[in-house]
Amino acid sequence: MLRPPAIAEMAVVALGANFAQITHMPLKLYELVGTDPSRPFSPFCWRTRMALAHKGLSAETIPWCFTEKSAIAPHGSEKVPVLLDRDRAVVDSWTIANYLEDTYPDRPSLFGGAMARMLNWWGDGVIGGMFPLIIADIPLYLKPEDATYFRKSREARFGRPLEEIMASRDNAVEGFRKSLDPLRLTLRTQAYIGGTAANYADYIVFGAFQWARVVSPFKLLAEDDPVHAWRERLLDAFDGMARKSPSYHG
């Protein structure tokens, strides 16, 4: 397997390269990928991608895989995202969002008046709700060694094969959609969780949908759902950054 910096040299992609208003800063971002280094899929990394774009910042992305823990261990983490700002490493998507807010206060605020901390926990619940619906699709997207790691660790967590977990998803998806009622009701009266414009509260939840969109062909949302329309708006945000990232869905 190629290891950073070899991977980075072959597949470094500038976030927001097409954004005329983005100022390029000496930032680097470790992001989770599968067989395609240009196709990041972690919901937490997507929170950070959207936060960077919101702030008008770009970062050089460094592709990272599940079994490459030694690459980020020097930065004090076993998971991504890991943001490097010059000689400083910032880990965890929530910590990174706060760091960007505090370090670049002259740029658009990520939080505004939203209860982003509460949404951070609720967004984790959204990830948990959709995970059983796409879980067996994920290894198909990974390199063999990462697929083995993923299957072994997740089957140990759930106590049964991934395919068995996902077998009832055509019916289970209705329960997942029902769980989105708090978001759906909000979006019936305003365009975004953040109000008239998106902010980090939106990116928290959107990261989960972008993760699913990248790793699975399964459709989690009905097209007439207000949540679907909200997701479409965010796919088009920042010059279509998320929509342009390779995925199973257009």
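## Exercises on a predicted model

In the strand pair S4 and S5, Leu84 has Ala89 of S5 as its bridge partner. Before you start: this is a predicted model, where local features need pLDDT of at least 70, side-chain atom pairs count only at pLDDT 80 or more, and totals for chains, interfaces and linings use all residues. Residues are numbered from 1 along each chain as its sequence is written, and side-chain values use heavy atoms, with hydrogens and water left out.

**Exercise 1.** Work out in which sense S4 and S5 pair, and over how many bridges.

*Solution.* Start with the elements: helices (H or I, at least four residues) and strands (E, at least two) are DSSP runs, numbered from the N terminus. Two strands pair if DSSP finds at least two bridges between them. Here S4 (residues 82-85) and S5 (residues 88-91) are antiparallel, with four bridges. Val82 sits opposite Val91 of S5. Next, look at the turn: two residues separate the strands of this hairpin, and Arg86 has a positive phi near 55 degrees. Finally, check burial (under 20% relative accessible area with a 1.4 Å probe, protein chains only; exposed is over 50%, partly exposed in between). S4 is covered on both faces, with Val82 and Leu84 buried on one side and Leu83 and Asp85 buried on the other.

**Exercise 2.** Check the span of helix H2 (residues 43-54) against 1.5 Å a residue.

*Solution.* The expected span of a helix is 1.5 Å times one less than its number of residues. With twelve residues, H2 should span 16 Å, and its end C-alpha atoms are indeed 16 Å apart, so the two agree. Now the surroundings: eleven of the twelve residues are buried, among them Trp46, Arg47 and Arg49. At the N-terminal end, Ser42 acts as the cap, with a side-chain oxygen 3.1 Å from the backbone nitrogen of Phe44. Just past H2, Gly56 has a positive phi of about 70 degrees.

**Exercise 3.** Find what the side chain of Arg184 reaches.

*Solution.* First, place the residue: Arg184 is in helix H9 (residues 181-187). Arg184 is buried, at 9% relative accessible area. Then take its polar contacts (N or O atoms within 3.5 Å; within protein, one must be able to donate a hydrogen and the other to accept it, and residues adjacent in sequence count only if both atoms are side-chain atoms). The Arg184 side chain reaches the backbone oxygen of Arg177 at 2.9 Å and makes a polar contact with the Asp225 side chain at 2.8 Å.
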